[in-house]
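Please read the following account with the structure open beside it, since each paragraph takes up one part of the chain in turn.

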Amino acid sequence: MNGNSLRKGWCPGALRPMETGDGLLVRVRPSGGIVSSAAARVLADCADSYGNGLLDLSNRANIQIRGVSGDSFPMLIERLQSAGLVDDSEVTESVRNIMMAPLGGVDPTALIDPRGLVSELEHRLKNFVHAFDIPSKFGFSIDDSGVFSLWSQGADIRLEAVSDGGTGEPAIALGINGSERIVVVPLETAVEVAIRFVDAFLLLSLKCGEPIRRMAQLVGHLGDEAIFEEAGFALERLRPHVARTTPVKLGFQACGGTKYLALGVPFGRLTSRMMRILAGLADMNGSGELRMTPWRSVLLPGIAAGANDRVLAQLGEEFIVDADDPLLRVASCPGSPACKNGSTRTQEDARALALLAKNLTMSGTGLHVSGCRKGCARAASSDVTLVGRDGRYDVVLSGRAGDDPSQYGLTFEQVREYLGNVNAAMDGACEKVAL
Ligand code: SF4
């Protein structure tokens, strides 16, 4: 860790931790979001020994150990490195920003096993001569066309398996964030082409006269055609793309011949105990693997209904197992005291308000409780966003945490009353429709 590593606003890693209100935040990036049960136990032990026992799931399927002190940081890194969970340099770690379809390699409905593409892309990025120039939040997604789609997750460069119209063989549709267009390229050249788009991004960013950190920003400046063209694809090769949305269904699931258990994690926060429960389940009844998703949930492949009923019956006490659980409609960042920028106990408040938020939306996130305008828990718009400020909340309607509030400085009790009124109004509206 060098002095610069602690600069605010950096995208943290393990070798480049970030200071938060409860100590250093150390982000581990498991390749493809796959964590073996042994690695899960190492992470749980590390959280207990060197952190505050808490692990957060990021919206890129990474795992963050919280509450690490400067003194314990070197020992933590040594432990993670001996388990093969940390890269050998900050740059390698920073560019290895790849989300993979969470059931990659075990999903019989998929067109490809994406794990090979992930390894190949990691290798190319590690040896990429301009790796140091790639912005730290710049990332990739690799879809296998199976149960889950990552296309809408905001990755800068997106690869998705498709069936080639001519041969029927698997090919790759490549798209960039901010554009609805794709090019289809052979599977064998997909990583090479993805690197060409990184080159195009870096080259064209220099022409914008301001720092460009993400692909959508570059598309906003120059348009998508210029980027495709720089990567070697003329307009006539571009096709429209229709994104699929595939929300995670919780509980026991089956796809093709594969069974898996999907568990939601309230606000994406695991205790070390929860991590050990997952590791135990994966060993006893599953494939020995945990699959992290970018949707605050963990998948355990190979676990079928009925497996170890005694343990599974208890899961609902800590995990979310029911798609109707109101916690699924609420997003919240760690807030105070975990983050220095927070002045409100966001997750405590979010739990207390979850039931009142039930009418805000039938699916997706209706309520976002954010510790400040940065809105770390959710970049997208929500029906109601509470934004912490000086121990109170500002209220943003149908917007993001950074948008202009419609109300300022509400106490928690006033927020509770406000949401209660919204709920009552919605109930009334439903009754009128029913009449
Ligand atoms: S949104 Fe929450 S986690 Fe992010 S900086 Fe603000 S208080 Fe901290």
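In this predicted model, a convenient place to begin is helix α6, whose buried residues pack against the strands β8 (157-163) and β9 (170-176) and against the helices α5 (190-205) and α7 (224-230). The helix itself covers residues 215-222, and its buried residues are Met215, Leu218 and Val219. Viewed down the axis of α6, these buried residues fall within an arc of 105°, so they line one face of the helix. The spacing fits a general rule: an α-helix has 3.6 residues a turn, so residues three or four places apart point the same way. Directly after α6 comes glycine 223, which has a positive phi, near 85°.

Stepping back to the whole chain, its secondary structure comprises eleven helices and 21 strands. The radius of gyration is 22 Å, close to the 22 Å that the globule rule gives for 435 residues, so the chain is as compact as a globular protein of that length. The C-alpha trace spans about 60 × 55 × 45 Å along its principal axes, and buried residues account for 47% of the 435 residues. Of the contacts between residues at least 6 apart in sequence, 60% join residues that are at least 24 apart.

Two residues other than glycine have a positive phi and invite a side-by-side reading. Phenylalanine 267, with phi near 55°, lies in the loop between β13 (258-264) and β14 (269-271), while aspartate 390, with phi of about 50°, is placed in the loop between β19 (382-389) and β20 (392-399). Which of the terms buried and exposed applies to phenylalanine 267, and which to aspartate 390? Phenylalanine 267 has 21 other C-beta atoms within 10 Å and is buried, because the cut-off for a buried residue is 20 or more. Aspartate 390, by contrast, has 9 C-beta neighbours inside 10 Å and counts as exposed, because an exposed residue is one with 12 or fewer.

The last region to follow is the ligand and the loop that holds proline 337. The ligand is surrounded by residues that include Cys333, Pro334, Gly335, Cys339, Asn341 and Gly342, and also Ser370, Gly371, Cys372, Lys374, Gly375 and Cys376. By character, this shell divides into five nonpolar residues, six polar ones and one charged residue. Proline 337 is located in the loop between β17 (330-332) and α10 (346-353), and the peptide bond leading to this proline from serine 336 is cis, with omega near 0°.

Methods. Residues are numbered from 1 along each chain as its sequence is written. This is a predicted model: local features need pLDDT of at least 70, side-chain atom pairs count only at pLDDT 80 or more; totals for chains, interfaces and linings use all residues. Helices (H or I, at least four residues) and strands (E, at least two) are DSSP runs, numbered from the N terminus. The radius of gyration is taken over C-alpha atoms; the globule rule is 2.2 Å times the number of residues to the power 0.38. Two residues are in contact if their C-beta atoms, placed from the backbone, lie within 7 Å. A residue is near a molecule or strand if its C-beta atom, placed from the backbone, lies within 6 Å of it. Ala, Val, Leu, Ile, Met, Phe, Trp, Tyr, Cys and Pro count as nonpolar, Asp, Glu, Lys and Arg as charged, and the others, Gly among them, as polar. The arc is that of the directions from the helix axis to the C-beta atoms.
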